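Colleague: I should like to learn how the features of a structural model are read. Please take them one at a time, with the general idea beside the particular case.

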Amino acid sequence: MERTEERPNGATHTISLLVENKPGVLHRIAGLFSRRGYNIASLTVGPTEHEEYSRMTIVVRLSSKPVEQVVRQVQKLVPVVEVRELVAADLIERELLLVKIRTPERNHAELRALAETYEATIVDVSPDALVVEASGTAGKLDALEERLRAFGIQELCRSGRIALERGFKTLAPPNLK
Amino acid sequence: MAREKITGAMAVRRAFEAEGVEYLFGMPGGTILPLYDALFRCEKPKTILIRHEQVGGHAAEGFAHATGRVGVCMGTSGPGATNLVTAIADAYMDSVPLVAVTANVSRALIGTDAFQEADITGITMPITKHNWLVTGPQDIPRVMKEAFYIARTGRPGPVLVDIPKDVLTSEIDWDGYPESVDIPGYHPPVREEPRLKDAALLIRSASRPVIYLGGGIRSSNAHKEVFQFAELVGAPIVTTVHGKGAFPETNPQCLGMFGMHGSRYANYTVQNSDLIIALGARFDDRVTGKLATFAPEAKVVHLDIDPAEISKLVTATVPLVGDLKLLLPQLTAEVRRAFEKHGKPDIAAWWKRVEDWRTKHPLHYQQEGQKYLLPQYVVDRLWHKTGGKAIVTTGVGEHQMFAAQWWKTSEPRQFITSGGLGTMGFCLPSAIGAQLGRPGELVIGIDGDGSFQMTLQDLATAVDLELPIKIFVLNNLFLGMVRQWQELFYDHRFAETPLSDRPNLVKLADAYGCLGLRADTPEELDKVIDQALANSKGPTIVDVRVRRQEKVYPMVPAGAPLNDMIDAGGD
């Protein structure tokens, strides 16, 4: 169940970065985005298959500047080993959603059914609250979120996007490919 | 090589030695003491004591600009480091290779708001190509090697190495200075598939081409390559302020500077061109004027080493990414082939239009009949009396633009100025660095009274070093450029731009122990120029009183189209 993203303030692009796993790298990248006026919609960072590198996935919303400009500016940062825009058609992208719903027990069955439809799981249940966990594309999570709203969302937490390209292509430094 | 135990500070010294550093501009302080101790009585590199770290930074820039080698400055933790910030930002904007070494508080104190602690790597992140906080003493040789490498390669720029005091005093195993670097994310020059044929075809088919030269020519020492290319293509040449000297301005093919204070003929040429060949330039707002109306009919061949400059502001029809020195001869060869195959394009009609503009709208001033000295005349006189054979440094303001307009630069690395950041106070420090870098050559500073007062304390440095620099202060008792904007765009409301007639520059020179002169008339000017040129014992400061209301014309108001220029009216 995929849905096209709404783009009210310009197009969003998913940029994948392989960066050196060193102190201050996040600061350098976030600083570049802010001073050049590139709008970060989400940013995730985590370990990769090589401990000396981290992968960042940045979703950037651009109203006027071409995404190539962003990629080239990011590429200039010394700790950035590789950077590429991941094109939607070629992309496996996931976000994680945790939602706490406060709802009487009688609604739980309906919630479970809804969760099942969205391949979500209920990970915590107490008499008048439960926590739903789901992962998937931004579009799918948007849809689920919308449906859950009717039950009374108490608290919501969403991760940024992580993404990989399909096929054998990788974003790895030449010496590690 | 047998391992040897040395201190971190000594490792820094050895790195400087291995890099062939001649001068270290800086001032000692609490945390950088161990490094100064390791450099005590060292002849190469020699420490140069400045009186304010910003001056050390600019002096290192002046040295780098004048010599093409990396400039090095140092500062202690806290204010010593933050005083370097303006110079580092200046070097970043103007792509000057600069290594700044700062000390920080000891590792255990970092993050505790210790005395003279500042997060200088955090502060300088946006204004350096890269920076390091060295937390492991053993990392010093590698980091120093990387620092010099990154500063001078690719698009040059400033880097900063911050070393905690206890890292400087720690012992390390010295294994020798690394011979190479291994930086996975840094591989200059970046090369895309060069579209030389496409570029040559555009050049072949253009009927109104113009060559636009920027600071990149200087960075890659590509003057000869530019000359050969320009000679073949035969198009009119315009430059940025940092492109001055990339091609001799005394050669009629060169129309000089264009942009906000460029000549009308240079701006008209760019605006009416059908092809802009931009070499090592970045389409700064001070040269393009209003972007939407910039050279509306022109296609663009853009050759630059920094891929992020391509189509940043003006879309390149054909981008060529690479080092000018390597790539431009290939383009020249490709253009030559295209000309041989298809014939050389006839651009005589285009040149006729350009010459008409040049005849009709020359840069001009008239000293005759004037009660006061005109700043343009002062620059012109200086140029004639030196035969243009001098390295010029400037401050920032009206005097800088007068110098850019009237000092015809015929050689590379002859016009040293703060272009991108526009840092007042740049003249004296960069003159110090340039004179040290090129001893025996004539170094002339063209400064303004406002600009001069921002860094004048370092006259002491110039006197101590007996540097025979000659600083001509075009003194109009105003912050002239701002005053010009107030007169033109703020209805003559001169908010805080009039400067008092203080200090007395002749007495000031005397107080610092150097020659101070003053000129109010053309006759006096000639005399003081002769006196200044004859003084080889140390600096000369010349207070040149110029007409207070003189403005820099022509002028493209900020945000106006490039051909929408205003000129002198009655004032």
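**Reading domains, cores and strands**

Modeller: Let us begin with domains: the C-alpha centres of domain 1 of chain B and domain 3 of chain B lie 29 Å apart. Domain bounds are taken from an automatic or database domain assignment. This is a predicted model, in which local features need pLDDT of at least 70 and side-chain atom pairs count only at pLDDT 80 or more, while totals for chains, interfaces and linings use all residues. Residues are numbered from 1 along each chain as its sequence is written, and chains are lettered from A and ligands numbered from 1 in the order in which they are written.

Colleague: Which residue ranges does the domain assignment of chain B give?

Modeller: For chain B, the assignment sets domain 1 at 4-174, domain 2 at 196-360 and domain 3 at 375-545. Two residues are in contact if their C-beta atoms, placed from the backbone, lie within 7 Å. By that criterion, 23 residues of domain 1 of chain B meet 24 residues of domain 3 of chain B.

Colleague: Which elements give two or more residues to the side of domain 1 of chain B that touches domain 3 of chain B?

Modeller: Elements are DSSP runs numbered from the N terminus: helices (H or I, at least four residues) and strands (E, at least two). On that side of domain 1 of chain B, they are helix H3 (53-67) and helix H5 (85-93) of chain B. H3(B) gives the most, with eleven residues. For classes, Ala, Val, Leu, Ile, Met, Phe, Trp, Tyr, Cys and Pro count as nonpolar, Asp, Glu, Lys and Arg as charged, and the others, Gly among them, as polar. The side of domain 1 of chain B that touches domain 3 of chain B comprises ten nonpolar, nine polar and four charged residues.

Colleague: How many residues does the contact take from chain B and from chain A?

Modeller: Chain B supplies 13 residues and chain A supplies 15 residues. The side of chain B that touches chain A has eight nonpolar, four polar and one charged residues.

Colleague: How should one read a core, and which residues have the most contacts inside the largest nonpolar core?

Modeller: In soluble globular proteins, nonpolar side chains tend to be buried together. A nonpolar core is a set of buried Ala, Val, Leu, Ile, Met, Phe, Trp, Tyr and Cys residues joined through C-beta atoms within 7 Å. A residue is buried if 20 or more other C-beta atoms lie within 10 Å of its own, exposed if 12 or fewer, and partly exposed in between, with C-beta atoms placed from the backbone. Here the largest nonpolar core has 199 residues, and Leu98(B), Val99(B), Val161(B), Leu279(B) and Val301(B) have the most contacts inside it. Helix H7 (residues 140-152) of chain B gives the most to this core, with seven residues.

Colleague: Why is H7(B) described as largely enclosed by the rest of the structure?

Modeller: H7(B) is so described because eleven of its 13 residues are buried. Among them are Ile140(B), Val143(B), Ala147(B), Phe148(B) and Ala151(B). The buried residues of H7(B) pack against helix H1 (8-18), strand S5 (98-104), strand S6 (130-133), strand S7 (158-164) and strand S8 (171-174) of chain B. Val99(B) touches residues including Ala147(B), Phe148(B) and Ala151(B), leaving aside those up to four places away in sequence.

Colleague: What span should H7(B) have at 1.5 Å a residue?

Modeller: The expected span of a helix is 1.5 Å times one less than its number of residues. For the 13 residues of H7(B) this is 18 Å, and the end C-alpha atoms are 19 Å apart, which agrees. Just after H7(B), Gly154(B) takes a positive phi of about 60 degrees.

Colleague: How many helices and strands make up the secondary structure of chain A?

Modeller: Chain A has four helices and nine strands, in the sequence pattern β-α-β-β-α-β-β-α-β-β-α-β-β. Of its 177 residues, 29% count as buried.

Colleague: Which side chains of strand S7 (residues 129-136) of chain A point to one face and are buried?

Modeller: In a regular strand the side chains alternate between the two faces of the sheet. In S7(A), Leu130(A), Val132(A), Ala134(A) and Gly136(A) point to one face and are buried, whereas Ala129(A), Val131(A), Glu133(A) and Ser135(A) point to the other and are not. Two strands pair if DSSP finds at least two bridges between them. Strand S5 (residues 91-102) of chain A runs antiparallel to S7(A), with eight bridges, and Val99(A) stands opposite Val132(A). Strand S6 (residues 121-126) of chain A is also antiparallel to S7(A), with five bridges, and Asp124(A) stands opposite Val131(A). A hairpin of two residues joins S6(A) to S7(A).
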